[in-house]
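User: I'd like to go through the reasoning behind the labels on this one. Can you show it and talk me through them?

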Amino acid sequence: MPAISCSAPGKVILCGEHAVVYQKPAIAVPVFEGSTKCSIVAKPNSPHDETIIIAPNIALKCFLSCLVEKHPIRVAINLVLEKINLDHLPVCEIRINSSLPTAAGLGSSASTSVAIIRALSTLLGYSFSDDEVNQLAFEIEKIHHGTPSGIDNTVITYAKTLFFNKGQPFEFIVPGKPLTLVIADTGIKSSTSKAVAEVRQGYLADQSKYITLFNQIGDLVLSAKESFIKGDFQLLGKTLTENHLLLREIGVSCDILDSLVDSALSHGALGAKLSGGGQGGNMIALVDSDRAESIASALISSGALKTLITHVPAKGI
Ligand code: MEV
């Protein structure tokens, strides 16, 4: 059996996070500047007679059988085997390398799942459709995040910007002109499942407040979709910043996220907001491409651990 490698990108939520869990729309963008690669080599002559998993980013090196049953990597492998009716895996070495930070809102868990599912199914001679990969990756997201909307696995599987509404067909969207985002890492690890669970508690304690906030976010996302498609980035930027203020009211921002948003805006970003689960992780700033570098430097001076600049190409580019 040959060696197989498959990669999957990361993602940012352009707008609509959290409200998307409550059936409101959201927009997500794949990020190719960070990715996860899964390489699998069959080792039929291994003296150990056991598949080994090596994932340096999460300091993991062990036999597959040593992972707890609900470990997302083990579940990913089992889901692939189940789907193709194989009851055991040939002895392999599975290496997972990611340049995406974990617990940072950039989709590292979904990226890892998609890379493993694609590499393993390909190694075993099956080429799963994107829909099949996405369905399996969603099952693994539930282990990571409890009650996810499914937006992360979907944008990462299809690797295209999408307008997403839980339980409905999603739509690929393309900006009216090339779009540039600066992504800045607060350096604070944050758990999406914890943030989602805390929002749920807030919602259960005061449903009318949270329903109003989710509806307001939903309306912003509809407006953002229109300005994204038209290429009206002045308006899109304002909408993103308003989205940040609503996320703050929901309780998922924090001091460093707020100060990075302020810093981006005061250095000329068109709009800025936290992205993903919040409570740390990453923020994004919508910028004119010629200001991207200077805004990225300003964000580092304002306390960001690191920055990435990503571009979304327009139609035909
Ligand atoms: C995480 O990228 C986005 C959240 O809305 C959770 C989800 O949609 O599953 C916070």
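**Helices, sheet and domains**

Analyst: Let's start where helix meets sheet: in this predicted model, H7 lies across strand E8 (179-185), E9 and E10, and runs at about 40° to E9. Helix H8 (residues 255-266) packs on the sheet as well, touching E8, E9 and E10, with its direction at about 160° to that of E9.

User: What makes H6 roughly antiparallel to H7?

Analyst: Helix H6 (residues 207-230) and helix H7 (residues 233-250) pack at an angle of about 165°. The cut-off for roughly antiparallel is over 145 degrees, so H6 counts as roughly antiparallel to H7. Their axes are 9 Å apart, and H6 passes H7 in a left-handed crossing.

User: Which residues of H6 and H7 meet, and how do they divide into nonpolar, polar and charged?

Analyst: On the H6 side they include Tyr210, Leu213, Phe214, Ile217 and Leu220; among those in H7 are Phe233, Leu236, Leu246 and Ile250. By class, the residues of this contact of H6 with H7 come out as 13 nonpolar, five polar and three charged. Lys209 in H6 is one of the residues in the contact, and Lys counts as charged.

User: How do you know that E9 and E10 pair?

Analyst: Pairing needs at least two bridges. E9 and strand E10 (residues 282-287) have five, in the antiparallel sense, so by that rule they pair. One of the bridge partners is Asn282 in E10, which sits opposite Ser275.

User: Why do E9 and E11 stand at the edges?

Analyst: The open sheet has four strands in the order E9-E10-E8-E11, with antiparallel pairing. Strand E9 (271-275) and strand E11 (306-312) each have a single partner strand, so each has one side without a neighbour in the sheet. From one strand to the next, the twist averages 25°.

User: What describes the packing of H8 and H9?

Analyst: H8 and helix H9 (residues 292-301) pack at an angle of about 145°, and their axes are 9 Å apart. Their crossing is right-handed. Leu260, Ser263 and Ala264 in H8 meet Ile295, Ala298 and Leu299 in H9. That contact has five nonpolar residues, one polar and no charged ones. Ser263 is in the contact, and since Ser is not on the nonpolar or charged lists, it counts as polar.

User: How is the chain divided into domains?

Analyst: Domain 1 spans 4-164 and domain 2 spans 175-312. Their C-alpha centres lie 25 Å apart, and the contact takes 29 residues from domain 1 and 39 residues from domain 2.

Note on methods: Residues numbered from 1 in each chain as written. Predicted model: local features only at pLDDT ≥ 70, side-chain atom pairs only at ≥ 80, totals over all residues. Heavy atoms only, no water. Axes fitted to C-alpha atoms, helices over the stretch in contact; angles between N-to-C directions. Helix = DSSP H or I, 4+ residues; strand = E, 2+ residues; numbered from the N terminus. Parallel < 35°, antiparallel > 145°, perpendicular 65-115°, else oblique. Left-handed = near helix turned anticlockwise from the far one by under 90°. Contact = heavy atoms within 4.5 Å. Domains from an automatic or database assignment.
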